[in-house]
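Work through the exercises below with the sequence and the structure open. Each one sets a task and then solves it in steps.

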Number of protein chains: 4
Amino acid sequence: MHFDYSTKVNDLLGRVRSFMEDYVYPNESLYEEQLNNQTSRFEQVPPIIEELKQKAKKEELWNLFLPEATYGAGLTNLEYAPLCEEMGRSLIGPEVFNCNAPDTGNMEVLARFGSDAQKEQWLIPLLNGEIRSCFSMTEPDVASSDATNIEARIERDGDEYVLNGRKWWSSGAGDPRCKVAIFMGKTNPDAPRHKQQSMILVPLDTPGVKINRMLPVFGYDHAPHGHAEIDFENVRVPADHIILGEGRGFEIAQGRLGPGRIHHCMRLIGAAERALDDLCKRVQTRVAFHKPLAEQGVVREWIANSRIEIEQARLLTLKAAYMMDTVGNKEAKSEIAMIKVVAPQMALNVIDRAIQAHGGAGVSDDFTLAAQWANSRTLRLADGPDEVHRRQIAKLELSKHQ
Amino acid sequence: MHFDYSTKVNDLLGRVRSFMEDYVYPNESLYEEQLNNQTSRFEQVPPIIEELKQKAKKEELWNLFLPEATYGAGLTNLEYAPLCEEMGRSLIGPEVFNCNAPDTGNMEVLARFGSDAQKEQWLIPLLNGEIRSCFSMTEPDVASSDATNIEARIERDGDEYVLNGRKWWSSGAGDPRCKVAIFMGKTNPDAPRHKQQSMILVPLDTPGVKINRMLPVFGYDHAPHGHAEIDFENVRVPADHIILGEGRGFEIAQGRLGPGRIHHCMRLIGAAERALDDLCKRVQTRVAFHKPLAEQGVVREWIANSRIEIEQARLLTLKAAYMMDTVGNKEAKSEIAMIKVVAPQMALNVIDRAIQAHGGAGVSDDFTLAAQWANSRTLRLADGPDEVHRRQIAKLELSKHQ
Amino acid sequence: MHFDYSTKVNDLLGRVRSFMEDYVYPNESLYEEQLNNQTSRFEQVPPIIEELKQKAKKEELWNLFLPEATYGAGLTNLEYAPLCEEMGRSLIGPEVFNCNAPDTGNMEVLARFGSDAQKEQWLIPLLNGEIRSCFSMTEPDVASSDATNIEARIERDGDEYVLNGRKWWSSGAGDPRCKVAIFMGKTNPDAPRHKQQSMILVPLDTPGVKINRMLPVFGYDHAPHGHAEIDFENVRVPADHIILGEGRGFEIAQGRLGPGRIHHCMRLIGAAERALDDLCKRVQTRVAFHKPLAEQGVVREWIANSRIEIEQARLLTLKAAYMMDTVGNKEAKSEIAMIKVVAPQMALNVIDRAIQAHGGAGVSDDFTLAAQWANSRTLRLADGPDEVHRRQIAKLELSKHQ
Amino acid sequence: MHFDYSTKVNDLLGRVRSFMEDYVYPNESLYEEQLNNQTSRFEQVPPIIEELKQKAKKEELWNLFLPEATYGAGLTNLEYAPLCEEMGRSLIGPEVFNCNAPDTGNMEVLARFGSDAQKEQWLIPLLNGEIRSCFSMTEPDVASSDATNIEARIERDGDEYVLNGRKWWSSGAGDPRCKVAIFMGKTNPDAPRHKQQSMILVPLDTPGVKINRMLPVFGYDHAPHGHAEIDFENVRVPADHIILGEGRGFEIAQGRLGPGRIHHCMRLIGAAERALDDLCKRVQTRVAFHKPLAEQGVVREWIANSRIEIEQARLLTLKAAYMMDTVGNKEAKSEIAMIKVVAPQMALNVIDRAIQAHGGAGVSDDFTLAAQWANSRTLRLADGPDEVHRRQIAKLELSKHQ
């Protein structure tokens, strides 16, 4: 057991950190400005993001998330963790390095389970950052925390599948670059519960795909990315667009969600670190009741508790990553569930304290605190609500004592 | 000691409740729709709001907040509490009854401390719901939680005062109906700390008043009301626009903030009650893992804890109101500070649980939960952050044992 | 609605408070000393307690808990609340006023449901403070939080009932003055679930009653009172010792537990108030890092939060008492459940902060803090664990929305 | 970075675990029984403990705590951590392996800073488990959380030092095997604050050393070990009993407290693990409301949260140990402070949940839960209260942003 990053990781980390400092943070407000000045928040993309992507690609800080060396950087989860954390400090960071959800998860699915044709058509442009993608699983009409509830239908009709269903929280579907969805639905409603669902690729320009509306998150539209509610009405796609085959949906979801969850956690740690930085800076420059806020005991308690919570969450994330690398996602499922519970709440705690220390500035857009808070809050729901993860942890724990 | 509302209150409560059910809730989405379809979110007001105001006025559910019978309904704080709570269940509720902040606080100031001319010019149209007003106290450049930090200047020059300073969180200033600000600043920088500040009325069309920007709250613009950052540059107003006289700013703030704070708390209780209603309804209609969410023990714990927290917060609010009515705001200052700490956090807890139970729907705008959460969060800062109120409570407590 | 105690209550409160200050607090350490110097902690009673009882009786501060004016003081629950709170500030307080559990609950049962003979034999000496009693319900072998699990048997045999079963947490059974138990067990195992159990009076000197051991509570033996594990082996009592009749056990338990629970809560509020007093005094006399602890912001936060939690718990307790008085225990069941959840946790919070402020002194017996903490902790379990009360609250809440 | 224990550690861990299972757990109740049957709880030692010590010594599971290979096992802190955790599962575990506080800390002081004569006289018998020792630092009359407050005097008089002062929480001083104290006091009251104090060895049979009383901890006497209040009145010890020299007290304390704190944390993790085991077993065997407690969602949440908190605390402890081993105690001071805040609270949380799940059994002595709770609670105070550690963490954090 030891706790130091390898030389390789430290080198990459230094490079990502420099890139963030040199290019990402300084352009956050330009990004906002370009977005706010567009005629439509969803039909255009702020040009700065594509400039930054080119720069990151050139510096070979690109696709770092993908463990498969054929397509990506070939880093282990443990190696990627500190890099991902660093990117997560900025809400525009992950996209700059082509490491943003849900594209990362979709690329993983394609890299691991896609056919050669699927890889050619979708994986390559995604890896190149030329297109984007969304994941259409969750449905408004059922409690999707229990994935067996998913009711959308995928029915075979000759050489095609016919898709029907209403999906929401298809994040990224608002982006004009978003070209394809991975759609989950039932092909085999009479099969055993975990064999009913399949996943299939749906080009977004297929007739019958209709974006009803973009969902806000605590008032944020997250444009141009956005979160779409999409109706799929008699959408026909070629049969070879199915991934792995009928009834494999759960299996793919399982493979997809492990890395997806841990990436979210890494990013949350970065967001929390930045909030703590902001907090520490702010309280040393504001004076109330005759002394800097930094000298208030309560503020110091916030800082100490924040540092403590961040450290613990990071260590647990790193251990989960290590286990995914060494014993596999399945053996690591309790650890993955644990960090998925820990990291969002930790980030919410730290950011909330930073907001409180900033007063009115904290809830506005003068800092990224409020936006990061809203984002973190959704992660107590996305990819499974806390309660489902806790059930899983408890079940595994109880099974040790039966 | 007894715990029942009087017949008078129960009657009023029944009428307010019916009005909410008949007119307010059913028009919330129309309000949003009108707002979203306006060419500008800030330069126009959704027509439905003025229709509802007329209806409420006609039913004599109007200015219920104002204890002075000459101008308002003449209810005590204790009598008003359950009515205010009811209005607070909807974000558009308070305005419908002409009981919305910051106008209520400003009307109280004018009713209690205004000259006859000031009443004529500003109080009457405010009471009639013809105009709106804002309160310009907080400043971006100093920790305004310590009001002695306020740096804006109000300088006498002949028959006029000249105002200079940057203010923010001037809520309501975005509304085209907003015609006047109560501005706080230093007239007497060399006087003892609590005698330096004054308050003065500033018509918003006075030259030199410039709205820099509208501040978002967790992504919400709160249009058309909004929260403005305003620059006051050599703004000249007639000397008789000062309220009470030079150096009386703190005294007025004290008088203004007591009722203002408790009104916020009453509304938060209403918001929490509605969130708990939403929660209870939702969990009885969604099934996961073979049973309704309502049968999950964890969900039941949320419900029980929410009911417990709401009850306690309400009782403390009512007691604070009772003390304000019987022994005065000054003697009730510990109780006021206590509810100001309790109510926002209680509302945040309850609403957060409701959000979690709603999944993705909870963070979007399908329910009022996310918007109410954001609103409640600001109330841990507005009118004094929690930490300042706790200091006050502790100081009073310690003084009993010296 | 109003929040002042009546003149009658204020008068009684003043008298109880003076009695506590003049006689109870000054004799707490003498009580401990006498107890520690006895040859047996359980077979003798510190003489000071009987002296204090005589004094309280003489001052007519006696049996204040009993609403029935025939036997007790005839106070309502609401009137008794502040008096009971005051007594609860000292661990020996309640007994001094003949208001200590479980005797109070047992006296209520006898006063409301006992036959004339039962009243004559047991109620009168209990009211006179001549004997004590215990309540034998909970069993070590089943989860007694679900009272239908109780397995002890009460079988009719001619003019007698024969009792068999193991009971524990028969509090007070260690005391040499304890002469009778109210025993709960099944007379009708085949009846509907809530008609199976009965309650019967068992003189403790009946053959077959055997105290196995006294149970400690976090290291405290609570001598001479104590908490007994008792075996009942073929214990024969006359048939007329049954209370109300066969199958009425649940009905009696229901009647007994409402007041019992609220009395516990009142006492806990007193315990918390005293802890807060101790805290406020201590921190003004100890200096660390160049200033009194009272000037540390974190300590001030403890004080403020303690005051806030106490106020809210007291108001909820008073409201529950008011409802018991006005609409009855059954209608007040949600309120009773709520305070039963709130008060112990509140007391634990406040006392824990006081302990922390006292350092090592806090966990020792230099103050009553540690002992009160342990006592409060048992009240998250006794008379139903928190979780069962929350279930009840949630069930009632959900039923409003079905 | 990796997260597996070495083969060496796994081997030792297996042996310690087997020893615990074979000899320690099965003898816990015998230990209690022997203690309770002694004529004096403090003047005798339950014989089983010495038997177990001989067995552990023979199996070379002895002095594992001491990194110095000359005297102890020569394990790093990181290697010792999982072993110490295992021992901490039983309250009698650490002593069995000669790894119990405060002897471990005292042995470290002597091994690192003692003279040859001091080692010969005290270290060797301590390492052999022949004698025990105590640490006399804390004083009842001052807030000892700020060690500069320590007021005891150590004055040179010829070839001797004369000691005066009242100390308390001299843990272990109740044990008849306890032969020596390390005493802290001021030799140089006029020196700079951190050079005023010295440490000196005091044989407990020196005239003038008087144990006033043994302090209980939440009702526990912790006999025969115990926590003594000791008066030192004109106690004369030879001048060569001073450790390192005059004015070095703080320096030694610093060196002593790092390892001492982390050992406490390791043991707390073990205590928490055992409580979680107890909890998981209990809830699978008790039925309430028609199903095992283990199927209640709230209970599952307790289990999940317990597992999450334990994992995080363990990782942070291991990282702190790693840093102590690699960069030294001084560089690791933030990490040491963090675990010292985290581990006791974590243990309290986990144990409290286990208590709640056990009902009345949880607060009694049927399980070790209540005793472990009380022990854990003192560790939020011992070796520095949480608040002092948080101050330290915040100070280091703020210094990064100055």
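## Exercise 1: a helix pair in chain D

In this predicted model, D:Leu268, D:Ala271, D:Ala275 and D:Asp278 of α8(D) meet D:Leu369, D:Gln372 and D:Ser376 of α12(D).

Task: Describe how α8(D) and α12(D) cross, and sort the residues of their contact by class.

Solution.
- Step 1. Sort the contact residues: four are nonpolar, two are polar and one is charged.
- Step 2. Take the axes of α8 (residues 249-283) and α12 (residues 369-378) of chain D, which come within 11 Å and cross at roughly 150°. Angles over 145 degrees count as roughly antiparallel, so α8(D) is roughly antiparallel to α12(D).
- Step 3. Give the hand: the crossing of α8(D) past α12(D) is left-handed.

## Exercise 2: a helix pair in chain B

Task: Find the distance and angle between the axes of α10 (residues 333-358) and α13 (residues 386-399) of chain B, then list the residues that make the contact.

Solution.
- Step 1. The two axes come within 9 Å and cross at roughly 145°.
- Step 2. α10(B) passes α13(B) in a left-handed crossing.
- Step 3. From α10(B), the contact takes B:Lys333, B:Ser334, B:Ala337, B:Met338, B:Lys340 and B:Val341. From α13(B) come B:Asp386, B:His389, B:Arg390, B:Gln392, B:Ile393 and B:Leu396.
- Step 4. By class, the contact of α10(B) with α13(B) has five nonpolar, three polar and four charged residues.

## Exercise 3: the contact of chains A and D

Task: State how many residues each of chains A and D gives to their contact, and work out how the two copies are related.

Solution.
- Step 1. Count the residues: 35 come from chain A and 35 from chain D.
- Step 2. Locate them on chain A. The elements that give two or more residues to the side touching chain D are α8 (249-283), α9 (297-326), α10 (333-358) and α13 (386-399) of chain A. α9(A) gives the most, with 13 residues.
- Step 3. Sort this side of chain A by class: 19 residues are nonpolar, five are polar and eleven are charged.
- Step 4. Superpose the copies. A turn of 180° with a shift of 0.0 Å along the axis lays chain A on chain D with an RMSD of 0.0 Å. The two copies are therefore related as by a two-fold rotation axis.
- Step 5. Compare the two sides. 100% of the interface residues of chain A are also interface residues in chain D, so the copies meet through the same surface.

## Exercise 4: the contact of chains C and D

Task: Repeat the analysis for chains C and D, and name the residue of chain C whose C-alpha is nearest the axis.

Solution.
- Step 1. In this contact, 34 residues of chain C touch 34 residues of chain D.
- Step 2. On the side of chain C that touches chain D, β3 (160-171), β8 (287-288), α11 (360-363) and α12 (369-378) of chain C each supply at least two residues. The largest share, four residues, comes from α12(C).
- Step 3. The classes on this side of chain C are 18 nonpolar, ten polar and six charged residues.
- Step 4. Chain C is superposed on chain D by a rotation of 180° with 0.0 Å of shift along its axis, at an RMSD of 0.0 Å. The C-alpha of C:Gly219 is the one in chain C nearest the axis, 2.1 Å from it.
- Step 5. 100% of the contact residues of chain C recur in chain D, and the same surface serves both copies.

## Exercise 5: annotated domains of chain A

Task: For each domain that UniProt (unreviewed entry) places on chain A at residues 14-130, 134-235 and 247-395, give the helix and strand content.

Solution.
- Step 1. The record names residues 14-130 "Acyl-CoA dehydrogenase/oxidase N-terminal". This span is 61% helix and 0% strand, with its end C-alpha atoms 27 Å apart.
- Step 2. Residues 134-235 are annotated there as "Acyl-CoA oxidase/dehydrogenase middle". Here the chain is 0% helix and 50% strand, and the end C-alpha atoms are 16 Å apart.
- Step 3. The record gives residues 247-395 as "Acyl-CoA dehydrogenase/oxidase C-terminal". That span is 77% helix and 3% strand, and its end C-alpha atoms lie 26 Å apart.

## Exercise 6: backbone exceptions

Task: Place the cis peptide bond of chain A and the positive phi of C:Asn63.

Solution.
- Step 1. Most residues other than glycine have a negative phi, and most peptide bonds are trans.
- Step 2. The cis bond joins A:Ala223 and A:Pro224, with omega about 0°. A:Pro224 sits in the loop between β6 (209-214) and β7 (227-238) of chain A.
- Step 3. C:Asn63 is not a glycine, yet has a positive phi of about 55°. C:Asn63 lies in the loop between α3 (47-58) and α4 (77-87) of chain C.

Key. Residues are numbered from 1 along each chain as its sequence is written. Chains are lettered from A and ligands numbered from 1 in the order in which they are written. This is a predicted model: local features need pLDDT of at least 70, side-chain atom pairs count only at pLDDT 80 or more; totals for chains, interfaces and linings use all residues. Two residues are in contact if their C-beta atoms, placed from the backbone, lie within 7 Å. Ala, Val, Leu, Ile, Met, Phe, Trp, Tyr, Cys and Pro count as nonpolar, Asp, Glu, Lys and Arg as charged, and the others, Gly among them, as polar. UniProt positions are given in the numbering used here, feature names are shortened, and annotations may be inferred rather than shown by experiment. Axes are lines fitted to C-alpha atoms, for helices over the stretch in contact, and angles run from 0 to 180 degrees between N-to-C directions. Angles under 35 degrees count as roughly parallel, over 145 as roughly antiparallel, 65 to 115 as roughly perpendicular and the rest as oblique. A crossing is left-handed if the near helix is turned anticlockwise from the far one by less than a right angle, and right-handed if clockwise. Copies are superposed by least squares on the C-alpha atoms of residues with pLDDT of at least 70 in both.
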